[in-house]
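Here are a few exercises to work through with the coordinates open. Try each task before you read its solution.

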Amino acid sequence: MQIYYSLICEGLIVIMKVYFYAGNQVHNIHKQALKAAPLGTTYVASNPSLSDGIGVHKTQKKLMAGLKQVARLGMLKAVIGLGLPKIHYAKVPKDIELIHSGHYPLWNKNIPCVMEMEQVTQLTWFNRRLFDLKRNKHFFEKLFSSPPCRGILCWTEAAEKSLEKGLNCENFKEKIHVVPLTIEAPPPTRRVFDGKRLNLFFLATTFF
């Protein structure tokens, strides 16, 4: 990987300042990625809760959080209804050399960026109908071919294949890389089960 990892010259490590952008919704995946910054980089978090421990960030009152969630869902429904793709513009602090976008394609033209790819339809809010619109496919093919886009970091080989099958990647194929997700190793524990009963704990958000 030579996208933005260590710049090492004759034993000297040049530190690159990277802005980690996660939008409004902070996922544990992003928190883990922030902890695993590549050697030779300093990450600046776009959201203070990225530096929190594992778990969903809940500092707002339930009523206010609920109202904001309803507003976000209503706005998302309107965006999907208009057939608009998923695109953000990140307000970046000074002295940033690169943007690492956790999940959003960015419309920042003056700063190089890399973005993570879970599955190609994330580009249209995981809505296949929107993704299949020719104008949206052409938009992202042009965006990923542009100079500011330096890399697309696919979480899995399946994500890479979905990208290659979904879009014409001819002009940006060299920018596509498979970078598996990272997770902080927990302390070793020893658990003993009596074989009589096994409890499974399932946790998810917006799960249908």
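**Exercise 1.** Find which residues histidine 103 touches, not counting residues up to four places away in sequence.

*Solution.* Step one: take contact as heavy atoms within 4.5 Å. Step two: list the partners of histidine 103, which are His30, Lys86, Met115, Glu116, Glu118, Gln122, Phe126 and Trp155. Step three: place the residue; histidine 103 sits in the loop between β5 (98–101) and β6 (113–117), strands being DSSP runs of E, at least two residues, numbered from the N terminus. Step four: classify histidine 103, which is buried at 11% relative accessibility (buried is under 20% relative accessible area, exposed over 50%, partly exposed in between; 1.4 Å probe, protein chains only).

A note on the input: this is a predicted model, where local features need pLDDT of at least 70, side-chain atom pairs count only at pLDDT 80 or more, and totals for chains, interfaces and linings use all residues. Residues are numbered from 1 along each chain as its sequence is written, and side-chain values use heavy atoms, leaving out hydrogens and water.

**Exercise 2.** Work out which strands pair with β5.

*Solution.* Step one: pairing requires at least two DSSP bridges between two strands. Step two: β3 (residues 16–21) runs parallel to β5, joined by 4 bridges, and tyrosine 21 partners serine 101. Step three: β6 is also parallel to β5, over 3 bridges, with histidine 100 opposite valine 114.

**Exercise 3.** Explain why cysteine 149 has no disulfide.

*Solution.* A disulfide needs two cysteine sulfur atoms within 2.5 Å. The closest cysteine sulfur to that of cysteine 149, in cysteine 113, is 5.5 Å away, so it is too far for a bond.
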